[in-house]
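Student: Please give me a close look at the largest pocket. Where does it lie, and what lines it?

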Amino acid sequence: MQESEAGTHNSGPPRDEYDFVIVGSGAGGGPLAANLALAGHSVLVLEAGDDHACPYYSIPIMHLYAGEDANMRWDFFVRHWDEREMQAKDSKFVAERDGVLYPRGSTLGGSTAISAMITVYPHPSVWDRLADLTGDPSWGSAPMRKLFHRLESWRGVDALPLPGDDEAARNRKAAHGAEGWLGTTRANPQVGGREPMFLDIIDAMEQTSRHRFGIPQEITLPRDPNALDTPPQYQGMAFISVAVRDGHRNGSRERLQDVQRRASSNLEIRLNTLATKVVFNGDRAVGVEYLEGERLYAAAPVTSSVDDAGRRDGEVPADPRPSVVYARKEVILAGGAYNTPQLLKLSGIGPRAELEQHGIAVRVDAPGVGANLHDRYEVAVTCELDRDYPIFDGSELDVPSDLTAGDAMFSEWRDKANGPYTTNGTLAAIIAKSSVAKQDSDLIVFSIPIDFHGYYPGYSRNGMEFHNRLSMLVLKAHTNNRAGTVSLRSSDPREVPDIRFRYFEEGTAGHEEDLEGVVDGIEIARDVIDHLQLAGVAREMVPGSAVTDRAALKDFVRQQAWGHHACGTAKIGRPDDPNAVLDGDFRVRGVQGLRVVDASIFPDIPGFFIALAVYMISEKASDVIAAEHQDDDSSSVAVTQGPAKSSGDAE
Ligand SMILES: Cc1cc2nc3c(=O)[nH]c(=O)nc-3n(C[C@H](O)[C@H](O)[C@H](O)COP(=O)(O)OP(=O)(O)OC[C@H]3O[C@@H](n4cnc5c(N)ncnc54)[C@H](O)[C@@H]3O)c2cc1C
């Protein structure tokens, strides 16, 4: 038996034991824990972060600040390029940390607590490919759509009817969910309508769409990207759906809190608890070893240049004592695309040579753990406009120190759960097929009236500081590159792994297409800017007006692209694929009683935005696991899917 394997359970004090131990409370772990608790199982969630309720979390427009809130984030510094000279060309490269900032949420709710809340339904082909891969029709797009319907509670203004539809027909065809736990909405068109410059930007996006894609006037825009009848090949203007309920961010955190209220005896959450290793008995996972304490992981930022313990950013604190909690039924890892492979490797499941290099006993030689890391490529076209947005006059675009005071927009959010602060700032989007798109549309270009051109220390303050900026963000979906890796630096569970994406030429086949596609997106973004009527562009800051031909634009993309939807590092795959870490029921191959349910599971990055896809796989895993354990001795709690009704929905 290995050092941390479970001993036999002799008489003595009762073991610290639950039916399920789940590591991570983010998009993957949170809904799963809630559903298993509702199904009558006793569930423990181990979450490395704290629960940090604060206005930056709650107020949708503050999401950039949430992303840099030291109480909610982990800072990873990743390499986009192995070649240092190439990497150093990125203006966001931080030489002292030898990488580019890649924020992740580490708090109750995981990255959904700091995300931009964008909730876009993944293309159906994502699920149909998984059904093919696993031979399991329950992964197909039709059954998966039912899970979206089950989790969603749509409260937005619907898209206008198309020719031949009336409003009722339109809404029926859209097939949104209404009773789920995730409140979704869109920026109320009346809010955008208050600011003529916003209307001008929205109009420029509409004109660009109509012109580029030949959309006649009788087809109303924007379309709803999450409507069931919006085809996966759709090209044109779309609104952006966000995870906002009653003017507040909602997500995994609220789902957990709601179920804790309703089934409290079944669901326990241990915050500030870093899981360090899965504990086995033979080949069965029977528990998790963990450390208790705040900010134990080296990615946790220190709030001043040196913290009380003399620790600087990136250094690990003194050694706390490990404890073990046991799982009667299963251990489920949901630590996200960086931490799940790290935990698997620390538990002896990973590529043999790497484990041996760090003195870790090999339990399963699994070369796919930490491989297949990939992401979307994103870039921005950011302009300085020749005037400020009048709506921002007198606005701090920040949380006031006195919450009873504040500017008019803050007061409107606080008192009426209404107004611009209930939005994430996205004005509208264009969905398109790049010149290299295969089947589904592969570009989304959206506008925000701030300066955002990627993640670097200080990005949130810089982004919100000026009132005359417009960023057109370009996201390329269905990227080809699969060459990224998450590798251990050591066997210390508090140390951050070495994360390398290997962009474009350093990556796998198809990098030329990835690059062409992103450049096509930049051309759409510039087209929109050319259609602006009210405001002039004082200067294009990023990439800059000197960067004109496609060769120069490609260099810009190579150097400045980023991503924030990392996935794929413990992928589902066929039994004959040596890199398949999981089977189609989320089980880790080669052991018993261990599953992964988070962004790591995807063989291919889903859709345009990943959070909703992770929520959906969390719901699917809940069904699979609950069905497997339905004959166990547990009694389910009679509860509905959605949260207890609150005082009316704002929109
Ligand atoms: C700034 C930002 C903006 C984003 N915006 C959007 C958006 O608008 N739309 C969208 O679709 N996606 C967005 N994303 C991406 C999306 O939020 C994530 O991809 C998604 O939440 C991933 O879900 P997950 O369950 O895999 O991991 P996470 O949600 O990151 O959750 C992982 C959790 O596990 C915990 N954990 C990790 N390791 C351990 C351990 N060893 N012990 C205990 N706990 C551990 C972490 O603390 C964390 O809370 C954004 C991400 C970021 C960072």
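**The largest pocket and its surroundings**

Tutor: The largest pocket draws lining residues from both domain 1 (17-114 + 265-372 + 572-628) and domain 2 (188-239 + 377-476 + 504-560), so the pocket lies between the two. Those bounds come from an automatic or database domain assignment. The model is predicted, so local features need pLDDT of at least 70 and side-chain atom pairs pLDDT 80 or more, while totals for chains, interfaces and linings use all residues. Numbering runs from 1 along each chain as its sequence is written, and side-chain values use heavy atoms, without hydrogens or water.

The pocket's volume is about 630 Å³. Its lining holds 39 residues (an atom within 4 Å of a point on a 1 Å grid; a pocket is open, with protein on both sides within 12 Å along at least five of seven lines, for a 1.4 Å probe). Nearest the centre are Ala187, Gly192, Ile202, Thr426 and Leu427. Four elements each give two or more residues to this lining: helix H3 (63-67), helix H8 (189-192), helix H9 (196-213) and strand E8 (236-238). H9 contributes the most, with four residues. Helices here are DSSP runs of at least four residues, strands of at least two. By class, the lining splits into 28 nonpolar, eight polar and three charged residues. Gly counts as polar, Tyr and Cys as nonpolar.

Now the enclosed space. Three cavities of 30 Å³ or more turn up in the whole structure (points where the probe fits but cannot get out). The second largest cavity has a volume of about 50 Å³. Its lining consists of Leu373, His374, Asp375, Arg376, Tyr377, Asn481, Phe501 and Tyr503. That makes four nonpolar, two polar and two charged residues.

The ligand site can be described in similar terms. Around the ligand are 39 residues (a heavy atom within 4 Å), the closest being Gly28, Glu47, Ser106, Ser111 and Ala611. This shell has 20 nonpolar, 16 polar and three charged residues. Backbone atoms take part too. A polar backbone atom of alanine 27 sits 3.3 Å from a ligand oxygen. For methionine 117, the distance from a polar backbone atom to a ligand oxygen is 3.2 Å. A ligand nitrogen is 2.9 Å from a backbone N or O atom of isoleucine 118. Strand E5 (99-105), strand E13 (273-281), helix H11 (336-346) and helix H17 (611-628) are the elements giving two or more residues to the ligand shell.

Notes
Polar contact = N/O pair within 3.5 Å; in protein donor to acceptor, adjacent residues only side chain to side chain. Points joined across faces, edges and corners; volume = space filled by probe spheres on them.
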